[in-house]
Amino acid sequence: MPKYPVLIYNSRTPRLRSVTDCFIENGISILESGLKQEGFRAIIEDRGNLNFYESISNRRIPSALEKIARKFIEAESIGKKPSFFDNVSYVALQKILSSNQNRKMGKYFEYVAEKAKLNNVSVLGTKVWYGDSYKWAKKLNEIVAEADPEIITVHGGPHPSIYQDFFVMDTNADLVVLSDGESALLQIAGIADEMKAGGMKKADILREIKKSRIPNLAYVEEGIVVKSPVVNVPIGEKPRQMHENGFSGRVKVAIINDALGCPYNKCSFCDYRNIYKDYMANTPERVADEISYFTEKGVGLFRFSSGSNSLDDSVAIADEIIKRGLNARYSFFSRCEPDAKARLEDNIEKYSRLIESGLRAVFIGAESGNDEILRRVMNKGAKKEDIVYTIEAVRKASLKTGVDVDISLSFIYPHPALYDISLEQGLRDSMKLIEETMPDSVLPSPPAPFAGSEWFNDERYGFSYTGGNVSGEERKAMIAKEMMHVEYLFHLPRKMWRHPKIGLNGMSAKEALDLNDDMRKDVKKLGIITDLSDEHFLMLRNAGYKGREGAAEFKKESIISMISCNYDFLRAFYGKVNKASERVASESSYK
């Protein structure tokens with residue numbers, strides 16, 4: 001029986017960055033489940049709830065900020081600028097609030113470190129997210145090392161899996177786990193537990209762990225990154241989620257692993273291949289088992305997590321949900337179906353089946369309305385026609401079933417200027433596509449060279465490091481460093497943002513962001529809401545917000561809540577979502 005517990009921390013920032021940050025966490029739960037199956041005690045530190053965010057914010061300052069933020073948004077809606085006094089007051093209050101939050105975050109980390117020391121923890125494993133979450137994850141390692149230098153620190157999760165060697169060289173963790181973490185963390189904990197029980201010190205334990213060639217493990221040895229081969233556990237063999245302590249403080253939307261990887265996996269801008277090189281669909285039976293587990297615990301709202309499950313695999317899951325009499329409401333990401341025009345009637349039937357099983361919102365990555373950009377710049381594996389007819393299939397299935405389904409459509413703009421396709425032409429064609437399909441929301445994203453993508457690897461796409469004259473591997477290293485640490489502080493005026501030192505075809509990051517905003521303004525002129533994804537629609541519709549006006553109201557109030565850190569609106573909103581989730585779950589018949 002293992003003697004020493006493992007502490008797992010989910011990296012957070014002092015501010016809520018998305019309304020989805022309080023969803024029921026799946027990755028940490030799977031890690032916890034795997035450890036407990038082998039007899040380990042897992043101590044979980046995951047404060048993804050409003051109680052935590054409110055506890056590190058001074059109540060009076062967010063209330064004042066909420067009033068000013070409301071003035072800002074109302075002034076913008078009528079084309080006016082905020083007063084000089086409001087601008088100065090807002091920035092000053094934000095700086096005071098951030099200072100207080102940072103101080104309290106440090107105090108919280110001291111509590112975590114003391115907890116780790118008192119419980120004689122052998123390993124601290126942190127799930128690392130992007131931007132400031134990474135900064136705070138490193139800060140926790142520093143504080144834990146001061147409290148108990150014998151604790152082994154491990155970083156895993158999305159951020160290291162994307163940035164690979166660049167992350168390993170940059171982090172202050174003793175060890176890094178790339179891609180799947182359950183097996184690697186278990187083996188690390190096993191070696192640490194046995195050797196620590198025998199009186200061995202951290203340095204000896206680390207040497208033994210490195211000698212063991214644990215799959216998915218990486219570390220730095222004498223300035224060089226050493227990595228074991230990445231081995232992905234078959235999705236059907238992963239530990240199941242475990243939520244023995246319930247969902248206190250969480251939004252009752254559960255994440256379901258319907259698949260891992262992407263069946264296409266060739267988009268030139270995508271970093272997903274760094275995490276999962278092969279596509280693995282979960283079995284319909286296992287997905288339905290997991291949905292059943294949650295509905296029995298009063299959760300009926302779900303976000304399917306795959307980057308792009310195939311439509312046929314999704315229909316197989318839908319059939320199993322219907323067969324078992326499970327009542328669920330869910331959203332997912334869908335690729336544009338190839339040959340969507342020729343297969344329109346078949347796709348209408350398939351989406352009708354998905355809607356019957358509970359599908360209520362779809363995210364579709366369009367990226368561009370220009371076929372040359374899609375083919376030669378994005379390598380998307382889809383044409384504009386496929387996007388149009390995939391959306392038509394969803395719309396006609398919605399009409400056929402009499403159930404509303406929201407569609408979010410994403411674009412990348414500006415695009416890398418290859419093959420003499422002008423930015424203006426790319427924007428015109430994307431706007432034509434938007435006018436033709438009229439999605440419920442459009443998400444314009446600026447281009448980003450994620451590590452491992454063709455945009456990152458191939459200088460022909462035009463991404464450069466603007467902080468110095470570098471090329472080749474040095475260019476990659478510098479771009480990766482900027483990408484790993486970038487954090488746009490949306491609560492501050494844009495002129496105060498620190499833009500990454502990354503250029504595209506002679507444009508600075510700021511100039512690219514400005515062009516992206518120009519597209520956003522054009523979309524708004526069409527009367528279409530921007531920046532609401534499928535999971536936003538899943539929540540807001542179940543909370544009772546109807547039509548475009550309801551979605552716009554939710555977006556305005558949630559933005560004010562997040563930038564001011566006055567979470568009164570979100571607390572009430574989450575309460576409505578949770579009631580809806582419980583109601584949906586209660587209607588399952590469990591055949």
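This note goes through the overall build of the chain and then its internal cavities.

1. The model is a predicted one, and its chain carries 21 helices and 19 strands. The radius of gyration is 24 Å, close to the 25 Å that the globule rule gives for 591 residues, so the chain is as compact as a globular protein of that length. Along the principal axes, the C-alpha trace spans about 70 × 60 × 50 Å.

2. Of the 591 residues, 59% count as buried, and the accessible surface of the chain comes to about 24500 Å², with 51% of that area belonging to carbon and sulfur atoms. Where contacts link residues at least 6 apart in sequence, 77% of them join residues at least 24 apart.

3. Two cavities of 30 Å³ or more are found in the structure, and the largest has a volume of about 80 Å³. Its lining is made up of Ile-30, Ile-235, Lys-238, Pro-239, Arg-240, Gln-241, Asn-257, Asn-282, Arg-286 and Glu-290, which divide by class into three nonpolar, three polar and four charged residues.

4. The second largest cavity holds about 30 Å³ of space and is lined by Asn-309, Ser-310, Leu-311, Ser-314, Phe-332, Phe-333 and Ser-334. Helix H11 (311-324) and strand S13 (329-334) each supply at least two residues of this lining, and S13 gives the most, with three residues. By class, the lining of the second largest cavity has three nonpolar and four polar residues but no charged ones, whereas four charged residues belong to the lining of the largest cavity.

Conventions:
Residues numbered from 1 in each chain as written. Predicted model: local features only at pLDDT ≥ 70, side-chain atom pairs only at ≥ 80, totals over all residues. Heavy atoms only, no water. 1 Å grid on protein atoms, 1.4 Å probe; cavity = no way out; pocket = protein on both sides within 12 Å on 5 of 7 lines; lining within 4 Å. Points joined across faces, edges and corners; volume = space filled by probe spheres on them. Nonpolar A, V, L, I, M, F, W, Y, C, P; charged D, E, K, R; others polar. Helix = DSSP H or I, 4+ residues; strand = E, 2+ residues; numbered from the N terminus. Rg over C-alpha atoms; globule rule 2.2 N^0.38 Å. Buried < 20%, exposed > 50% of the residue type's maximum accessible area, 1.4 Å probe, protein only. Contact = heavy atoms within 4.5 Å. Areas by Shrake-Rupley, 256 points an atom, 1.4 Å probe, with all protein chains shown as cover.
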